[in-house]
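Welcome, and thanks for taking a look at this one with me. Below are some notes to read alongside the structure, point by point.

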Amino acid sequence: MAKKTDVTVEEKLRTLYDLQLIDSRVDEIRNVRGELPLEVEDLEDEVEGLNTRLEKLNGNLDDIHTEIANKKNLIEEAKSLIKKYSEQQKNVRNNREFNSLSKEIEYQELEIQLAEKHIKEFKVQIEQKKEVIAQTKERLTERETHLKHKKDELNDILAETEKEEKALIEKSEEYQNQIEDRLLQAYKRIRGSVKNGLAVVPIERGASGGSFFTIPPQVQMEIAARKKIIIDEHSGRILVDPALADEEKEKMQNLFESF
């Protein structure tokens, strides 16, 4: 939509305030969602991390079982060598050969003892790993349940508000196209610099909306005259008179209800 030319100050103020009401409604919708999208993202990351940890733990468990199998094979090989060397001792020709075989038997017996010691240590590690795996699975189940709950909650909110939010954003763009660039940039700058996003506010009880600083009667009269755009010197917001604000609120309320 082409921007209007030769519009009155009052028309500019009405369009600005309408834009503010539309943008504030979008803010309300997004505030309802709040931190939910971030919560869902954090939970998804946590679930992914727990799954990765489980894979690593199960991989470690497989490695330990492989080590135990290797040690058992080593024990069987050592037993075979001991049997072989013991048979050879029966046919030795001198003490030197007998002692040499005895040392080999002693070495294989030490290998068996060491392997058995390692197997015991590996079995302790297996029990520890299984305990950690059980705890991790329990945590994963709890986090997956929580993630599903949060996703359902977010999807419900999106289902309720997505259509309205899309319509409001389109309407906001439509109103922005009716405002001259200099004024629109001022609106966006003010809106971005205040916590609640209110760049255009009505006078409430003699003060700028959301402010405690009283506006002088002369300035209030100028605002009510709608002959020029007036900025509150304390809050930096654009000011409109209460009557105009009430009229535009009623008009926008009807618009919002149509979405």
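**Notes on the sheet, the salt bridges and two buried residues**

1. Let us start with the sheet. Four strands make up an open sheet with mixed pairing, and their order is 2-1-4-3. Strand 2 (207-208) and strand 3 are the edge strands, each pairing on one side only. Please keep in mind throughout that this is a predicted model.

2. Next, one pairing within that sheet. Strand 1 (residues 200-204) runs antiparallel to strand 2, and two bridges connect them. Here Glu204 is placed opposite Ala207 of strand 2. Helix 1 packs on the sheet, where it touches strand 1 and strand 4, and its direction makes about 105° with that of strand 4.

3. Now to the charged side chains. As general background, side chains of opposite charge can pair when their charged atoms come close. How many salt bridges does the count come to? The total is 28 salt bridges, and the next points visit a few of them.

4. A good one to find on screen is the salt bridge between Lys150 and Glu39, whose closest N and O atoms are 3.2 Å apart. This pair links distant parts of the chain, with Lys150 in helix 3 (residues 95-176) and Glu39 in helix 2 (residues 36-89), 111 residues apart. Lys150 counts as buried because its relative accessibility is 14%, under the 20% limit. Glu39, at 31% relative accessibility, counts as partly exposed.

5. For a local pair, turn to Asp152 and Lys148, which form a salt bridge with 3.0 Å between the closest N and O atoms. Both residues belong to helix 3 and sit four residues apart, about one turn of the helix. Are these two side chains buried or exposed? Asp152 has 34% relative accessibility and is partly exposed, while Lys148 has 54% and is therefore classed as exposed, the threshold being over 50%.

6. Arg226 and Asp241 form another salt bridge, with the closest N and O atoms 2.8 Å apart. Arg226 is in the loop between helix 5 (217-225) and strand 3 (230-231), and Asp241 is in the loop between strand 4 (238-240) and helix 6 (242-258), so the pair ties together parts that are 15 residues apart in sequence. Both Arg226 and Asp241 are buried. They also belong to a network of salt bridges that links Glu10, Arg14, Asp18, Arg226, Asp241, Glu247, Glu248 and Lys251.

7. Glu248, a member of that network, deserves its own visit. This residue lies in helix 6 and is buried, with a relative accessible area of 3%. Which residues does Glu248 contact, leaving aside neighbours within four places in sequence? They are Arg14, Tyr17, Asp18 and Leu21. The side chain of Glu248 also makes a polar contact of 2.8 Å with that of Lys251. For a sense of distance, the C-alpha atoms of Glu248 and Asn70 are separated by 82 Å, with their positions 178 residues apart along the chain.

8. Last comes Arg33, which is found in helix 1 (residues 9-33). With 14% relative accessibility, Arg33 counts as buried. Not counting residues up to four places away in sequence, Arg33 touches Leu154, Ile157, Leu158, Thr161 and Glu165. With Glu165 there is also a polar contact, in which the side chains of Arg33 and Glu165 are joined at 2.8 Å.

Notes. Residues are numbered from 1 along each chain as its sequence is written. This is a predicted model: local features need pLDDT of at least 70, side-chain atom pairs count only at pLDDT 80 or more; totals for chains, interfaces and linings use all residues. Side-chain values use heavy atoms; hydrogens and water are left out. A salt bridge is a side-chain nitrogen of Lys or Arg within 4 Å of a carboxyl oxygen of Asp or Glu. Buried means under 20% relative accessible area, exposed over 50%, partly exposed in between (1.4 Å probe, protein chains only). A polar contact is a pair of N or O atoms within 3.5 Å; within protein, one must be able to donate a hydrogen and the other to accept it, and residues adjacent in sequence count only if both atoms are side-chain atoms. Contact means heavy atoms within 4.5 Å. Two strands pair if DSSP finds at least two bridges between them. Axes are lines fitted to C-alpha atoms, for helices over the stretch in contact, and angles run from 0 to 180 degrees between N-to-C directions.
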